[in-house]
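Biologist: Please give me a close look at the disulfides, if there are any, and at what surrounds them. I would like the cut-off behind each term stated once, as we go.

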Amino acid sequence: SNSWVRLLNLNYDSVLRQLDYRYVGFSVRCVRDYTDDCGILNGDNSICADCCGVPNGDGSTCDGDCGTCNDNSTCADDCGIPNGDSSTCVFESCGDQIGHGNSAYSTVQIGEQCWFAENCRYLPEVSPSSEGSETEPYYYVYGYEGSTVEEAKSTENYATYGVMYNWPAVMTEGICPSGWHVPSDGEWQTMEISLGMSEAEAASEGWRGTDEGYQMKSTSGWNGGYGSNSSGFNGLPGGYRDSGGFVDVGYLGYWW
């Protein structure tokens, strides 16, 4: 009944990794799709089929458009879509903006990954903080207690901090554009390691690392305790939604 989250805190320069309740509303970032060494979209190299589809093969059984094999599943277009025609986006390289819905998002290269540099603003519906669920999707905008999407979108908090999602909402389609996805816990660890955290620290729970949080926090927007944002992640203190209401804007930033 719990899922992994990351926390940046006004008073700490490290990063918290913990499991949290799925009814809580947290922010979301997107990371660009990739193909692992086995040719699996967003894989972890655990299913090593060659590009002909042969488990642990050497690609010697066929030829194709993507290299030496008939299986063209590794032919990603400019949007990162296997066998796509680049029609789903105008994104060319990390650092460019990418459009999704009615929003344009900044992106940043962190290590070998390409991340959103701002929180997701996908908002198909909105609920007051008094409503929630562990099993049904819920969407929140900090401080907004109504149920009208356009009203919520007109608030300053929506423009600054984006939308908060419970876990079922994170698992629905639409939050990220085509060719992007909500990062796994392992992908968060990869990013943290690229900022200087050891593998052992990244895999541990609680407050980890030294100044990785400082590198991820924005240079403004916090009630003191600003970061350097040397990573380009631009983490803002958007607070969160709990069963008791909206909490800690200006002090904490949480991400699924």
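Modeller: What follows begins with the cysteines and then moves outwards to the hairpin, the cores and the aromatic rings.

This is a predicted model, in which local features are reported only at pLDDT of at least 70 and side-chain atom pairs only at pLDDT 80 or more, whereas totals for chains, interfaces and linings use all residues. Residues are numbered from 1 along each chain as its sequence is written, and side-chain values rest on heavy atoms, with hydrogens and water left out.

The structure holds two disulfides, a disulfide being a pair of cysteine sulfur atoms within 2.5 Å. One of them joins cysteine 30 to cysteine 176, with an S to S distance of 2.1 Å, and with -95 degrees about the S-S bond this link is left-handed. It connects distant parts of the chain, 146 residues apart: cysteine 30 lies in the loop between β2 (15-21) and β3 (31-32), and cysteine 176 in the loop between α3 and β10 (180-181). The element names come from DSSP runs, numbered from the N terminus, with helices (H or I) of at least four residues and strands (E) of at least two. Cysteine 30 is buried at 0% relative accessible area, and cysteine 176 is buried at 13%; here buried means under 20%, exposed over 50% and partly exposed in between, using a 1.4 Å probe and protein chains only.

The other disulfide joins cysteine 94 to cysteine 114, again with S to S 2.1 Å, and the torsion about its S-S bond is about 95 degrees, so this one is right-handed. This pair, too, links distant parts of the chain, with cysteine 94 in the loop between β3 and β4 (98-100) and cysteine 114 in strand β7, 20 residues apart. Cysteine 94 is partly exposed, with a relative accessible area of 23%, whereas cysteine 114 is buried, at 6%. Cysteine 120 is in no disulfide, and the nearest cysteine sulfur, that of cysteine 30, is 3.4 Å away. Cysteine 120 is itself buried, with a relative accessible area of 0%.

Cysteine 114 also leads into a hairpin, since its strand, β7 (residues 113-116), pairs with β6 (residues 107-110) in the antiparallel sense over four bridges; two strands count as paired if DSSP finds at least two bridges between them. Glutamine 109 stands opposite cysteine 114. Two residues lie between the strands of this hairpin, and glycine 111 there takes a positive phi near 65 degrees.

Strand β7 contributes to the main core as well. The largest nonpolar core has 31 residues, and those with the most contacts inside it are Leu123, Val141 and Tyr165. The elements giving two or more residues to this core are β1 (2-9), β7, α1 (149-153), α3 (167-170) and β14 (252-255). Such a core is a set of buried Ala, Val, Leu, Ile, Met, Phe, Trp, Tyr and Cys residues joined through side-chain atoms within 4.5 Å. Leucine 123 touches Tyr139, Val141, Val149, Ala152, Lys153, Tyr158 and Val163, leaving aside residues up to four places away in sequence, where a contact means heavy atoms within 4.5 Å.

The last part of the picture is aromatic. The structure holds 18 aromatic pairs; rings of Phe, Tyr and Trp (its six-membered ring) pair if their centres lie within 6.5 Å, and planes under 30 degrees apart count as stacked, over 60 as edge-to-face and the rest as tilted. Tyrosine 138 and tyrosine 140 form a stacked pair, 6.3 Å centre to centre with 15 degrees between the planes. The rings of tyrosine 140 and phenylalanine 246 have centres 6.4 Å apart and planes at 80 degrees, so this pair is edge-to-face. It joins strand β8 (residues 139-140), which holds tyrosine 140, to strand β13 (residues 245-247), which holds phenylalanine 246, the two residues being 106 residues apart. Both tyrosine 140 and phenylalanine 246 are buried. Elsewhere, Phe26, Trp167, Tyr240, Tyr254 and Trp256 form one aromatic cluster.
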